[in-house]
Amino acid sequence: MTKAEFLNLKSVRPAPDDLPRSLRNFIDYRKSGLSLNHIVGCPLDCGYCVRHLFENFSMKRPHLIVDDEIAVQELIGHWAFRAHTTPIQIFNRATDPFLPGVKTHLFKTLEALDRRGLSNPVLVITRWRIDRSDVERLEALKNLQLTILVTWSGIHDERVEPVPSAIAAGSLEVLAKSASRVKKILYWRPIISGLNDTIDHFASARRLSELADATVFTGLFYRKEIQAYFREAGVPDLYTDLARRKILPRDTESRILAHFEGRPIFRKTSCGVAFAHGTPDFNGHFGISEICSICPEGQREICSKHHHKPDTEAVRSLARSVSLADLNGIEISDRRIVV
Ligand code: SF4
């Protein structure tokens, strides 16, 4: 099958029996909430895709692990799920939610959650095409607090990113014209020093930011599997060192911030989402000066009003629910809780 044929597939296949366990487990407990990934496989070929880490990058066709209704049942039955509270991400690990065959499942999953009256924050990340009819369907949701994050990088090197950035720009335009209840974020990533951090990239990003409720920027997740893929594709090493977290050189960040003077721009995804909806950051970053220093004053006030230090017993009770009850030495500071 050609790439164009993969991109136009209107349906997904059942997942093969030999799908690795790490992917078959389609609910992921993450720092930022629960991630639901009952479809695996993607033809977009972004060189820095995390699927390199799951040995799944070669699966170009999207595959369905379980039916949407079962996926939703399992999600809301998950030990960590709290109605109206737990942030949810859908199809953010192993496919793009707006591919033609995948988006039907995205809509059905969202509608199944919404029908239950749940108002949890839901994050949907895409770099693919969003049509007006897609937005109409999303706008019809009544309860979920939905945010669409449109990934845009401005990278032209097809070995790094074969998907033209113009597609994401077009999706943001559609959202800007037709979304109101649904919030939209310019998800500017990955920013790679020496590749897409020129003044022209900054100017394009700033223009696009006018179409979004907020902008979030991040660097490159540069792990050995991703480095190996790029080496094989003939791309010179993007950084000399590998890192567990995303890389964004300090100097690049300073130049970005100078260019975005006066625009709402955030270092953390949840902060951009919070600002877009006028709610406090659900990930509790408030008070960490190296994160909050760039946040608009009104948003800092919202977070500040909702920020409180939990008492030890409340934390102990949560720790107990994840089998950490026997640990002594719970440490609660203004910045974090350590168990
Ligand atoms: S105040 Fe801090 S925690 Fe709250 S949204 Fe802004 S950057 Fe995030």
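These are my notes on the domains, one helix, one strand pair and one surface patch of a predicted model.

Entry 1, domains. I looked up how the protein is divided. Domain 1 covers 3-305 and domain 2 covers 308-339. I then took the spacing of the two: the C-alpha centres of domain 1 and domain 2 are 30 Å apart.

Entry 2, helix α10. I asked myself how many of the nine residues of α10 are buried. The count is eight, so this helix, residues 269-277, is largely enclosed by the rest of the structure. I wrote down the buried ones: Thr 269, Ser 270, Cys 271, Gly 272, Val 273, Ala 274, Ala 276 and His 277. I also checked the residue just after α10, which is Gly 278, and found a positive phi of about 70°.

Entry 3, strands β2 and β3. I looked at how β2 (residues 27-30) meets β3 (residues 33-36). The two strands run antiparallel and are joined by four bridges. The connection from β2 to β3 is a hairpin through two residues. I picked out one bridge pair: Asp 28 has Ser 35 in β3 as its partner.

Entry 4, surface patch. I searched for nonpolar surface and noted a patch of about 550 Å². Tyr 29, Trp 79, Val 322, Leu 324, Ile 337 and Val 339 make this patch. I followed up Ile 337, which sits in strand β13 (residues 337-338). Is Ile 337 buried, partly exposed or exposed? Its relative accessible area is 42%, and a residue between 20% and 50% counts as partly exposed, so I entered Ile 337 as partly exposed.

Methods. Residues numbered from 1 in each chain as written. Predicted model: local features only at pLDDT ≥ 70, side-chain atom pairs only at ≥ 80, totals over all residues. Heavy atoms only, no water. Patch = residues over 30% accessible without salt bridge, like charges linked within 9 Å, V, L, I, M, F, W, Y side chains within 5 Å. Areas by Shrake-Rupley, 256 points an atom, 1.4 Å probe, with all protein chains shown as cover. Salt bridge = Lys/Arg side-chain N within 4 Å of Asp/Glu carboxyl O. Buried < 20%, exposed > 50% of the residue type's maximum accessible area, 1.4 Å probe, protein only. Pairing = 2+ DSSP bridges. Domains from an automatic or database assignment.
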